[in-house]
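Open the model in your viewer and keep the selection panel at hand. The tour goes from one selection to the next and says what is there.

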Amino acid sequence: MTEKELKIYSIAFWDNAWSGKGNYATYGGKIKPNKKTEFDFENDGTTEFWVIGKNQNNGVEYLNVITESKGEFDIEILDNSKFDEQKANLAQQLTFKTDKATQRTQYLIWTNVILTGILILTLIKIKTGANNV
């Protein structure tokens, strides 16, 4: 729960012998103010797992660092202004690519919807024009 609308992300960090060090940021969706919701993120084999909440201006409002290897977490998002600024800056950088990919996907979906609408309107115009001749 939160008092603000936030975009929720996760960042999984790993450090193991077979794949080395790395991280992966995932966009989970939006959470509405004062609502509970569920997000599914993969954290198998991680050394550290972050849950991030970003406001509409893409500023980090919430950062929870999880080092446990539990499968499920209940997190209450309240005022969390005391998080580590370095980690918040890193979270901002790592979620930037995810934001751009999500934005690009939404753009492509809307472009397809508009093009499909134009095609349908063109076909309707052709069909109704053919009946009048």
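Which residues line the second largest pocket? Select Lys7, Tyr9, Tyr27, Lys30, Gln56, Asn58, Phe96, Asp99, Lys100, Thr102, Gln103 and Gln106, and you have its lining.

Before going on, note how to read the model. It is a predicted one, in which local features need pLDDT of at least 70 and side-chain atom pairs count only at pLDDT 80 or more, while totals for chains, interfaces and linings use all residues. Residues are numbered from 1 along each chain as its sequence is written, and side-chain values use heavy atoms, with hydrogens and water left out.

**Stop 1: the whole chain**

Colour by secondary structure. The protein has one helix and four strands, and from the N terminus on the order is β-β-β-β-α. Helices (H or I, at least four residues) and strands (E, at least two) are DSSP runs, numbered from the N terminus. Of the 133 residues, 28% count as buried. Buried means under 20% relative accessible area, exposed means over 50%, and partly exposed is in between (1.4 Å probe, protein chains only).

**Stop 2: the second largest pocket**

Return to the lining you selected. The pocket has a volume of about 260 Å³. Rolling a probe the size of a water molecule over the atoms shows where empty space is left. On a 1 Å grid over the protein atoms alone, a pocket is an open set of points where a 1.4 Å probe fits, with protein on both sides within 12 Å along at least five of seven lines; lining residues have an atom within 4 Å of a point. Grid points are joined across faces, edges and corners, and the volume is the space filled by probe spheres set on the points.

Which elements each supply at least two residues of this lining? They are β1, β2 (20–31) and α1 (85–131). Helix α1 gives the most, with six residues. By type, the lining divides into three nonpolar, five polar and four charged residues. Here Ala, Val, Leu, Ile, Met, Phe, Trp, Tyr, Cys and Pro count as nonpolar, Asp, Glu, Lys and Arg as charged, and the others, Gly among them, as polar.

**Stop 3: Asn58 and Asn57**

Keep Asn58 from the pocket lining and add Asn57. Asn58 lies in the loop between β3 and β4, and Asn57 is found in that loop too. Asn58 has a positive phi of about 65° although it is not a glycine. Most residues other than glycine have a negative phi. Are these two residues buried or exposed? Asn58 counts as partly exposed because its relative accessibility is 26%; Asn57, at 71%, counts as exposed. Now add Leu6: its C-alpha is 9.9 Å from that of Asn57, with their positions 51 residues apart in sequence.

**Stop 4: salt bridges**

A salt bridge is a side-chain nitrogen of Lys or Arg within 4 Å of a carboxyl oxygen of Asp or Glu. By this rule there are four.

Select Lys30, another residue of the pocket lining, together with Glu5 and Lys32. Lys30 and Glu5 meet in a salt bridge at 3.8 Å, N to O. This pair links strand β2, which holds Lys30, to the segment before β1, which holds Glu5, 25 residues apart. Lys32 also meets Glu5, at 3.3 Å; Lys32 sits in the loop between β2 and β3 (48–54), 27 residues from Glu5. Glu5, Lys30 and Lys32 are thus linked in a network of salt bridges. Lys30 is partly exposed at 43%, as are Lys32 at 45% and Glu5 at 25%.

Next, select Lys4 and Glu61. The closest N and O atoms of this salt bridge are 2.8 Å apart. Lys4 is in the segment before β1 and Glu61 in strand β4 (residues 60–66), 57 residues apart.

**Stop 5: Asn16**

Select Asn16, which is in strand β1 (residues 6–16). Asn16 counts as buried because its relative accessibility is 14%. Add Thr47, 31 residues away along the chain: the C-alpha atoms are separated by 8.7 Å.

**Stop 6: a nonpolar patch**

Finish with Ile109, Trp110 and Val113, which make a nonpolar surface patch of about 330 Å². Patches are made of residues with over 30% relative accessible area and no salt bridge; nonpolar side chains (Val, Leu, Ile, Met, Phe, Trp, Tyr) are joined within 5 Å, like charges within 9 Å. Accessible areas come from the Shrake-Rupley method with a 1.4 Å probe, and for residues only the protein chains shown count as cover. Val113 lies in helix α1 and, at 45% relative accessibility, counts as partly exposed.
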